[in-house]
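Here is a short tour of a protein chain, written to be read with the structure open beside you. Let's begin with how its strands are arranged.

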Amino acid sequence: MSKIALPVALALSAVLAAAPSAQSKSLKPAAKMQAAKSQKAQNVTVTVDGSGYHPSTINVKAGRPVHMTFVSKGTGCSNGVVIPGLNKKLHLKMGQQQTISWTPKKAQSIAFSCEMNMFHGKIVAK
Ligand SMILES: [Cu+2]
């Protein structure tokens, strides 16, 4: 009896000892990164409807990540956003939203417009 029980007990204690340490090792760095990211990131939302972009000028700080969400509330001009400076084109149906993320490296102004170049807005990094 004891010849069988000892290896089983050793194997069990090894599993129990390994489980909690493996979990904390995989969770801690991820949690720290998440906190650092949310402190630095700049979240902006731009709504586009039949009268244009709201707001149409967005001020951000250079050197920090920007998460910019476009929300479409209409048709036609509200369904496409072109941002040549970021090499991006978004296609949105009414009610949809899309987020783009990037980090402005320096002070600059990045223009965006609808696909027909009728609605205009800009992101100003300082
Ligand atoms: Cu348009």
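## The open sheet

In this predicted model, four strands make up an open sheet: its 4 strands follow the order β2-β1-β4-β7, and their pairing is mixed. At the edges stand β2 (52-54) and β7 (97-102); each has a single partner strand, so one side of each is left without a neighbour in the sheet. On average, neighbouring strands here are turned by 25° against each other, with direction ignored.

If you would like a place to zoom in, try the pairing of β1 and β2. Strand β1 covers residues 42-49 and runs antiparallel to β2, with 3 bridges joining the two. Within this pair, Val-48 of the protein chain stands opposite Tyr-53 in β2.

## The β5-β6 hairpin

Next comes a hairpin formed by β5 and β6, with 4 residues between the strands. The two run antiparallel and are joined by 4 bridges, β6 spanning residues 88-91. One of the pairings to look for is Gly-80, whose bridge partner in β6 is His-91. In the turn, Asn-87 has a positive phi of about 55°.

Which residues of β5 point to the buried face? Along this strand (residues 80-83) the side chains alternate: Val-81 and Ile-83 point to one face and are buried. Gly-80 and Val-82 point to the other face and are not buried. Here, a residue counts as buried if 20 or more other C-beta atoms lie within 10 Å of its own.

## The β8-β9 hairpin

Further along the chain, how many bridges pair β8 with β9? There are 6 bridges between strand β8 (residues 108-113) and strand β9 (residues 120-125), and the pairing is antiparallel. Gln-108 has Ala-125 in β9 as its bridge partner.

β8 and β9 also form a hairpin, with 6 residues between the strands. Asn-117 in this hairpin takes a positive phi near 60°.

## The chain as a whole

Stepping back, the secondary structure of the protein chain comes to 1 helix and 9 strands. Reading from the N terminus, the order of elements is α-β-β-β-β-β-β-β-β-β.

Two overall numbers round off the picture. Of the 126 residues in the protein chain, 13% are buried. Among contacts between residues at least 6 apart in sequence, 60% join residues at least 24 apart.

Notes:
Residues are numbered from 1 along each chain as its sequence is written. This is a predicted model: local features need pLDDT of at least 70, side-chain atom pairs count only at pLDDT 80 or more; totals for chains, interfaces and linings use all residues. Two strands pair if DSSP finds at least two bridges between them. Axes are lines fitted to C-alpha atoms, for helices over the stretch in contact, and angles run from 0 to 180 degrees between N-to-C directions. A residue is buried if 20 or more other C-beta atoms lie within 10 Å of its own, exposed if 12 or fewer, and partly exposed in between; C-beta atoms are placed from the backbone. Two residues are in contact if their C-beta atoms, placed from the backbone, lie within 7 Å.
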